[in-house]
Amino acid sequence: MGMYLLLLVAGVCWGQYNPNTVPKRTSIVHLFEWRWQDIAEECERYLAPNGFGGVQISPPNENVIITDPQQPWWERYQPVSYKLCTRSGNETEFRDMVTRCNNVGVHIYVDAVINHMCGANAGAGDHATCGSYFNAKTEDFPAVPYSVWDFNDHKCKSRSGNIENYHDISQVRDCRLVSLLDLALDREHVRSRVAAYLNRLIGLGVAGFRIDAAKHMWPADVKAILDKLEDLNTQWFPAGTKPFIYQEVIDLGGEPIKGSEYFGNGRVTEFKYGAKLGTVLRKWDGEKMAYLKNWGEGWGFMPSDRALVFVDNHDNQRGHGAGGASILTFWDTRLYKMAVGFMLAHPYGFTRVMSSFRWPRYFQNGKDVNDWYGPPSNADGSTKAVTINADTTCGNDWVCEHRWRQIRNMVIFRNVVDGEPFSNWWDNGSNQVAFGRGNKGFIIFNNDDWSLNVSLQTGLPAGTYCDIISGQKEGDFCTAVEVHVAADGMANFLIGNEDQDPFIAIHVDAKL
């Protein structure tokens, strides 16, 4: 009885750190701005067969419609109510997506915008995605309902009402983030409305939440809301399962607010990860891949079991948020594939893959002035369907990095090596490195300006393996490079410095 009680208590205390993915599915993908019906289809036809654990979706609740500029991506982060209708779809389509994805073992993680409502300059009327009336000037949101009493104006101590000084903790958490109306999350009415919204989503079958702008909320206020959340729906999850929580806290050091303040509530987004990895792969500041030997906590990152990690996200791939120009994105194809490959091979953190859309980049004074562009849209403003080409890539300006062979196969690699130790590190003192994951997988990179030719201990059983980067195993043969591992675990690797994908990865499920 004592041990059972201990396990029960541990489940209650630690449940919010567990992604709730089905066993041996170890990564999620952010299908940024996808329509619900396209996500449902993608779960069934691609994500489940290729071992993806879940999908982070764009905010599903009613938001303001902004037409100047023409429907930017960030309008999704300006709530008007907690009704479920957006340009991604209505409540019926949302329910259908969650059900169909859960039925194939791919779970849904909602981007929860609970720090604020729309911008103070959003006007008044019914220009919202469900047609609800609101008045930003008088802070009146009857569809929730919220009134002027439910906002933090009385607590904010800046002159403008906006955050003016990121070294003033109270300003960061009590004032408006870029004029967004800041909710008074210390009020019981507000906490109850937010919790009711999240619980409704839990009832529909979602597996957890990305807490948007968590840095702009007091950790105790976030906890008070999370404490009101119900267990996950037992149609798809074991009884007593807590929702997975990961909080957006941009902490690159140098500011008083630390990501560690939020560990009690769940995992935290480790923004240093993509910023540092981009710097290393770009070879900026004298950085080399050889220095990645102690990657993770050794680089000053948060504990692995508290971290959600990513190479880029929807903000910083546009130059917003954290990391600046070091962030690698799909625009930097060659280095980007290496970065995602490294992330998925390395045991640190819980991994999220990005899936983007293209926009017409246009730089003025070093800034992309088109970074506001919303998703690929039809003339009436509706979001275009994600079409799939004959070669399995996406059309309609959807990038679909998660469908790139190299990234998909590394998602599978991570599943195969799950739980195996980091092992057999090798480097040349520069930008050629390799490491294994126990006796299940091995990966090697050449980011130098010269070719690599080396024999290394892989830790793998003897046999012929297919390189899953240049191709893959299909039936009894390889579609690309073969790697021969000798009886003693040694193998020879050849990677030219001009290769389109200057890395090789092998694992036990890719053995002939």
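**View A. The largest cavity of the predicted model**. The largest cavity has a volume of about 50 Å³. Its lining is made up of 14 residues. Closest to the cavity centre are Asn152, Arg173, Leu183, Leu185 and Asp221. By character, the lining residues of this cavity comprise six charged, five nonpolar and three polar. The count of cavities of 30 Å³ or more comes to one.

**View B. The two domains**. The protein is divided into two parts: domain 1 (15–269 + 357–398) and domain 2 (422–510). Their C-alpha centres lie 39 Å apart.

**View C. The largest nonpolar core**. This core holds 139 residues. Those that touch the most other members are Ile39, Val55, Phe94, Met97, Ile108, Tyr146 and Phe209. Helix α8 (residues 333–345) gives the core its largest share, nine residues. Both domains contribute: domain 1 and domain 2 each supply at least three residues to this core.

**View D. Contacts of Val55**. Residues up to four places away in sequence are not counted here. Val55 touches Ile28, Val29, Leu31 and Ile39. Val55 also touches Cys43 and Leu47. Val106, His107, Ile108 and Tyr109 complete the set of residues that Val55 touches. Two of these partners, Ile39 and Ile108, appear with Val55 among the core residues that touch the most other members.

**View E. A second nonpolar core**. This core is separate from the one in View C and has 15 residues. Among them are Val454, Leu456, Leu460 and Ile495.

Conventions. Residues are numbered from 1 along each chain as its sequence is written. This is a predicted model: local features need pLDDT of at least 70, side-chain atom pairs count only at pLDDT 80 or more; totals for chains, interfaces and linings use all residues. Side-chain values use heavy atoms; hydrogens and water are left out. On a 1 Å grid over the protein atoms alone, a cavity is a set of points where a 1.4 Å probe fits but cannot get out, and a pocket is an open set with protein on both sides within 12 Å along at least five of seven lines; lining residues have an atom within 4 Å of a point. Grid points are joined across faces, edges and corners, and a volume is the space filled by probe spheres set on the points. Ala, Val, Leu, Ile, Met, Phe, Trp, Tyr, Cys and Pro count as nonpolar, Asp, Glu, Lys and Arg as charged, and the others, Gly among them, as polar. A nonpolar core is a set of buried Ala, Val, Leu, Ile, Met, Phe, Trp, Tyr and Cys residues joined through side-chain atoms within 4.5 Å. Buried means under 20% relative accessible area, exposed over 50%, partly exposed in between (1.4 Å probe, protein chains only). Helices (H or I, at least four residues) and strands (E, at least two) are DSSP runs, numbered from the N terminus. Domain bounds come from an automatic or database domain assignment. Contact means heavy atoms within 4.5 Å.
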